[in-house]
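Trainee: I should like to work through this assembly with you by question and answer. May we begin once the sequence and the structure are displayed?

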Amino acid sequence: MGESRNITGGAYALTVFTAIIPGHEEELRETIEALPRATESPLARLTQLHTSRLQIIDHLVYQGPPALRDALQSNYLLFTAAFDGALEPFLDAIIDDVGPAADRWWRHCVGYPSLADRAAFKGWIRRNQVHTSLFAVASPNESVANVLESLALREKVLEFAVSAQGLPAGEVQERFRRTFGEVG
Amino acid sequence: MTEGQETAAARSPGNTLGRLFCLTLLTPIRPQWVAVLNAAMWLGKFVPFAQKHILQFNFIHFVRWSIVKEMPYNGPPQTRDRLKYQYLLFESNFDGPWQHYIDAFAYCIPADIRFVWGRGPAFPGPPPAEPLKRWIAMNSMEGGTYYCAYPHASTRMVKSALITRDRLKRLVAESRTAGPDEFMAHYEQFLTDLQAHL
């Protein structure tokens, strides 16, 4: 039942809290903040990944009275990801495509077995996974590839509409077939 | 915010990329409310209206809630956490910045906001919006790094692109058999149908 609530349409929400080895917080913070961004990010190699965040949770916010004060005894690396498909292939992709970059952040966490032991890594992620209670997605059945392709097509349609203005019908059709003939 | 997080937030915006903003909150739930919240969220998965209701403002790409019963424990050297509350983790990926949209939440769906978070101790139930904004700012988990595969596309742009793609496929099929004049009629209808999306 926990697993099914991580899924909406074709998308999966993964949430993982892993305790940071005491004394490793600053190095881990520097590591994740120094990660290249956008298309240069090692996470960009995961072609099924829509969004992801890596951050350190080192405190709980006191809400004020009548709340009781709560404090963390350990600090945690929170890794969240929203991706296409199932968890197993995603973890395989982390191992195969992100590899050493992922090693550099998770090696600061307690019990991390390294990516070299595929089964142990997957087991460690699952043990530290917090299942989703509710997951909502704007376009739940559209993969990353579909979204990127559609965004590119929309730009192409805009360019075409501008360039085709005032042309005779036969030429518009001919240009359209050349430009978009493979779509479908 | 800890000193480490303040430094981090000042150094790099770990929760923004392009148009997108990632808001993460981790807030306590009153013990008496955990079962009710869990049941309501379980129901939300199976009630189609719930997804539409959550995403009605058209600026959210992905949003999740997780009830954190306890922090995972991996043995020494980790010190096991025994917390006084269970916690609600909230993560939303949306067209930022978040301050612009809290008014929409506070004044359009205040009952929903109060239902989900209002059973946390000391929650300032909306409306009005300003105490809610202060509460969100206080509880926002900063720092780290953020990734999105399409960071320059708003939610509306993505939806428009998907609609354009689907409508384009129809025109491509029409273009294969129509003569030039018939094609132009289809093409002009295509542009009319998509004027809100191009």
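Trainee: How many residues does each chain bring to the contact between chain B and chain A?
Mentor: The model is a predicted one, and the totals for its interfaces use all residues. On that basis, chain A supplies 92 residues to the contact, and chain B supplies 93 residues.

Trainee: What area do chain B and chain A bury between them, and which residues of chain B lose the most area?
Mentor: The two chains bury about 8000 Å² between them, with 61% of it on carbon and sulfur atoms. On the side of chain B, three residues lose the most area to chain A and together make up 10% of what that side buries. They are B:Arg64, B:Thr145 and B:Tyr147.

Trainee: Which residues form the salt bridge between chain B and chain A?
Mentor: Between these chains the count is 1 salt bridge. Its closest N and O atoms are 3.0 Å apart, which falls inside the definition because that requires a side-chain nitrogen within 4 Å of a carboxyl oxygen. The partners are A:Glu142 and B:Arg165.

Trainee: How many residue pairs are in polar contact between the chains, and which element of chain B gives the most to its side?
Mentor: With both residues at pLDDT 80 or more, 44 residue pairs are in polar contact between chain B and chain A. The side of chain B that touches chain A divides into 51 nonpolar, 29 polar and 13 charged residues. The element that gives the most to this side, with 15 residues, is helix 7 (residues 155-177) of chain B.

Trainee: Which strand of chain B pairs with strand 5 of chain A, and which residue stands opposite A:Phe135?
Mentor: Strand 5 (residues 134-137) of chain A pairs with strand 3 (residues 60-68) of chain B in the antiparallel sense, over 4 bridges. Within strand 3 of chain B, the residue opposite A:Phe135 is B:Arg64.

Trainee: What is the strand order of the sheet that contains this pairing, and which strands are at its edges?
Mentor: This open sheet of 5 strands is antiparallel, with the order 5(A)-3(B)-4(B)-2(B)-1(B). Two of its strands pair on one side only. These edge strands are strand 5 of chain A and strand 1 (16-17) of chain B.

Trainee: Why is one side of each edge strand left without a neighbour in the other sheet, ordered 1(A)-2(A)-4(A)-3(A)-5(B)?
Mentor: That sheet is also open, with 5 strands in antiparallel pairing. Strand 1 (7-8) of chain A and strand 5 (145-148) of chain B stand at its edges, so one side of each lacks a neighbour because each has a single partner strand.

Trainee: How many bridges join strand 2 of chain A to strand 4 of chain A?
Mentor: Strand 2 (residues 11-19) and strand 4 (residues 76-84) of chain A run antiparallel. A:Tyr12 stands opposite A:Phe83 of strand 4. The bridges joining these strands number 9.

Trainee: What radius of gyration does chain A have?
Mentor: Chain A has 6 helices and 5 strands, and its C-alpha atoms fill a box of roughly 75 × 45 × 35 Å along the principal axes. A compact globule of 184 residues would have a radius of gyration near 16 Å, but the value for chain A is 22 Å.

Trainee: How many residues apart are A:Lys122 and A:Glu88?
Mentor: A:Lys122 forms a salt bridge with A:Glu88, their closest N and O atoms being 3.1 Å apart. The pair links distant parts of the chain, with A:Lys122 in helix 4 (residues 118-127) and A:Glu88 in helix 2 (residues 87-98) of chain A. Their separation is 34 residues.

How values were computed:
Residues are numbered from 1 along each chain as its sequence is written. Chains are lettered from A and ligands numbered from 1 in the order in which they are written. This is a predicted model: local features need pLDDT of at least 70, side-chain atom pairs count only at pLDDT 80 or more; totals for chains, interfaces and linings use all residues. Side-chain values use heavy atoms; hydrogens and water are left out. Contact means heavy atoms within 4.5 Å. Buried area is the accessible area (1.4 Å probe) that two parts lose on being put together, summed over both. A polar contact is a pair of N or O atoms within 3.5 Å; within protein, one must be able to donate a hydrogen and the other to accept it, and residues adjacent in sequence count only if both atoms are side-chain atoms. Ala, Val, Leu, Ile, Met, Phe, Trp, Tyr, Cys and Pro count as nonpolar, Asp, Glu, Lys and Arg as charged, and the others, Gly among them, as polar. Two strands pair if DSSP finds at least two bridges between them. The radius of gyration is taken over C-alpha atoms; the globule rule is 2.2 Å times the number of residues to the power 0.38.
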